[in-house]
Amino acid sequence: MATEQIAQAQQHIATHRALPLFVRPRIRDLGRALLYASPALVIFFMFTYFPFVRAIYLSLHITNPAGEARRFVGLQNYARILGLDPNSTVNFVPYIAESFKFAVLVVPAGIVIAIALAMLATVRVRGIEIFRTIFTSSIAISLASSGVIWALIYNPSTRATRWLVDLLGLQQPSLLANEATALIAVAVMSVWSGIGFNFIITLAGIQAIPQDLYESAAIDGANRWSAFRRITLPLLSPTLLFLLVINTIGSLQAFTQFHLLIPEKTPNVYVYATYREFWYNNRYGFASAMSLVLFVMLLILTIVQYRLANRRVHYQ
Amino acid sequence: MINFSTRRGWKSIPYFGLTYAMLIGVSLILMFPLFFALSLALQGPTAAPTLIPTNFETLDWGVFGAVFQQQPILSRWIVNSFVVASAVTVGVVLTSSLFAYALAYLNFPGQAFLLFVALGTLMVPFEATLISNYLFISEVGWKDSYQGLIVPFLASGFGVFLMRQYFLTLPKELYDAALVDGCGRLRYLWSILLPLSRPALATLAVYTFLGTWNQFYWPLLVTNDPEWRTTQVGITIFSNFEYAVFNTQMAATLIVMLPTLILLLLGQRQLVRGLTAGALKG
Amino acid sequence: MKKSSIILALVAFAMLASTAFFAVPTAFTQGNPTNTPVPTITPVPPVAKPEGAIEVTFWYGLGGLLGNVVQATVNKYNESQSKYYVKAIFQASYDDTINKINAGLASGDLPNVAQIFEAGTQRMIDTKKIIPVEDLLARDGLLSIIDDLEPAVRANYTVNGKLYSAPFNSSTAMLYINRAAFREVGLDPDKRAWSYDELIEAARKLTVKDSSGKTIRYGIALYPESWFFEQIHAVNDTFFGEPNNGRTARMEKYTFNNPIAEAYFEWQKKMIDEGTAIYFGTGGGAAAGAAYANGEAAMYFSSIASLRTLIASAERAGKGVEVGTVYMPRNPDAKGKTIVGGASLWITNTGTPEQQEGAWDFVKWSLRPEVQAEWAVNTGYYPVVRKAYELDIMKQGLERFPQFQVAIDQIRLAEITDANSAHISGVFVSMRQDVIKALDDYFTGKVATAKEALDAAVARANEKLEEYNASVE
């Protein structure tokens, strides 16, 4: 077998000089690889990379309602978004702040609830599988469906939350219409929607912790709480970091719930403001700049989160 | 699993009682919105529904059928979602497997670069490309069509990653032996590798179908004609009517939720596996 | 697979299957505790397309009940002749319709005729893909129809002296009052013109508190909406933007930070501060309407097109609210009239010449008095041609709903000038958002004075207007 291959190789070298033995099949495989990868590559280029570049191009221009770039304005759109243009009244920093406010409301609560639920779900009782499935179920419920249901929960006509409005002495009959409670109300709905995903990940993380660690701790006289603090949490930290990053990115990109529950609010969250600029005002160049600002923000945030948290994360 | 009771010798009955109470209580709280939706769906076309139906005898179970008569387009929305989600799922599975196959089994220069190209798509948030994609779809006239809903999603960086990781766990000797026996590379993929990769394929399929069925933002932009809308956008349109009649909207929402709930029940294990694949490795 | 999962899956399947079982026999109105008949919103099906008919696409943006009347009207046209077939496609909203048009500019995917709201006029002209209606009327020797159009309506769609689109559904703004409440406190419900001061007084009388001090009825329900703000300018013959509201040349800048605007802002704030007005915040139009129909507020601004809906809601609420209409607030020195809202039909130059002809045929037909009369009677919009008022069906409609006559008279209160016609601009929609923000900021106390709020809004709107004008030159 080997001698045949060597003979073949020598033949190839003779005809295609200067190409060492091991490169030839590699280049042939390159062709093959590109062929196999081509369907996916075409989609990636057409719908991710090329549009990204086009977005950058559009963001540097003023565009007409048909989406064509009309006048080059350099970084003017960016300056305006960040409130850095003295000639402009526009400033989207309050919207960015609103998005971060939302993230702060949603992310910690979601993770804490997930941990609590996962701890509860590790109890060995009969039928625990059914409960686990119930806890997971919100994964299958789309944001649109949740949004529609929660919109009615918050609607004064169904009187499901009227008692809370009266308790808090709010001016408007709906939690979604009062400035003070609108964002929180949407956050509650978002946390609910995300429980399934967070729960599953956390449960898997807990289940990966070796049982003997707990047994040794119990022998050493540790109670449940200190076992949780000294064993569970530290060993769960890679999972929690993952959840932190995913949930933060997700909450900063939230759109559906805002479109369904509080479209009229100003300042609204940044992604919704981008949608308004592009869909209702047809300012494609400006909105492209907005979306690229978001991209940079998310990138920086992810890197920072990983760097900062990595110091505290324990790997086995 | 944490199991302290045997170590501590606590009395089992009150412990179990408390645990069940907590489990049931939490479940009820979590499922409240679904109960709410069901309750509103069953109370008939009233503008002032109550949280719990006052009269259990007059529950309108017919609303689930009536909503199809009242809004026959609901069936079309369900069909649209099915077609789109199925097509995308098949597409993603095929393109990801092919790409991952190349990455895992072929040896060529620029391997790392190609992997990065696939994973890079995960880094670019969809908002950054949304506007350009929307303009492109408008320009080629793919609005209000299946192509517009399907084609942009036919490949997935996550899918490539998942399949590649899985392929790498399979023994290479199988591949080498097959090649020696004269098996074509593509035939190997189709007849041997993919059948062996069923768990990963199932995960990817469940995850992709779920995600595509639940899409909202993109179908919202790309469809306008009610005939072409998908279930998610469709149910939100129900509420735009002048009279606040809640029961049909809730009934439609529940109906639209059923396929994904069923999928979750049947594919839960695969889904968990897939989601945790990224999480635990950090 | 776990057993419990299978059980749950089977339960879910059973539920799904049972919907099919119930789909066939059961009635729709089972289990309606209040027993009040609820109007159905079952969509009106389109009639079938006859063989060989030329298909004309028509995009419209009215939904719900009104959308049904649109489809019914289209059906009538299709049944009246068999040469053309109009395919009506609902576009979810006015905003969506114009967005689709913009998107369609690049792909050439435009309808032959589209219903575009009044705020879209400048944008439609700028697409350069429309055929002005006046050109077609002149070609067919039908310019006399223009003379018969309701003047205010005609003025709305006339730019640079030319009628660009055919008015289809036109409405105006009214102040709705609860006639029963007015009589109760000794106010005259038939008085039409109320000044700001008179309304402040009226709101004080109409506000009712219970023994614990909680307000059970407010004088007026307020919410931030730009349209009423635009109306006030027209009522006071004040330009909204220059030059000439954009009617003689492209609009260069907004000027709605003027004393008339400030007075309007301050009047409402005064009532909110006094506790005689309840303010519903952004997006609070529906809640305000519900409060009005429930008798929780005795006055509220809305369009005359909502008349039938409000009457039905008031009946259903059963709180004895008698729906009446009066003019938009006019101080004694106000000499203008209100402007029309609604939408018009635009014909595009896409498609084959036959399709363009078909589009024009449909539009011409929609301007017929009998068509307009039936449309008006079934909706609450004006008939756009004055001959419609001579028809019996219209006369009967006015007898049944005298509130409508107030609306008709309101748009005839003055001769047409550019100042009391609506303005047109390319950034109408975003300008409205700026005005709403100004109203809300001022009413909620985020901004101290009306002038500040208005100046900020004008600056924001002008910035966008400049950008738009730069992009279409």
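**View 1. No salt bridges join the two domains of chain B.** Start with charges: between domain 1 of chain B and domain 2 of chain B, the count of salt bridges (a side-chain nitrogen of Lys or Arg within 4 Å of a carboxyl oxygen of Asp or Glu) is zero. Keep in mind that this is a predicted model, where local features need pLDDT of at least 70, side-chain atom pairs count only at pLDDT 80 or more, and totals for chains, interfaces and linings use all residues. Side-chain values use heavy atoms, without hydrogens and water, residues are numbered from 1 along each chain as its sequence is written, and chains are lettered from A in the order in which they are written.

**View 2. Here is where the domains of chain B meet.** Domain 1 of chain B covers 6–60 and domain 2 covers 67–276, with bounds from an automatic or database domain assignment. Eleven residues of domain 1 and eight of domain 2 make the contact (heavy atoms within 4.5 Å). About 730 Å² is buried between them, 79% of it from carbon and sulfur atoms; buried area is the accessible area (1.4 Å probe) that two parts lose on being put together, summed over both.

**View 3. Chain A has its own pair of domains, 2–59 and 93–315.** Their C-alpha centres sit 43 Å apart, and each domain brings five residues to the contact. Together they bury about 420 Å², with 82% on carbon and sulfur atoms. Look for Phe52(A), Leu58(A) and Ser59(A): this trio supplies 76% of the area that domain 1 of chain A buries against domain 2 of chain A. Salt bridges? The rule finds zero across this interface too.
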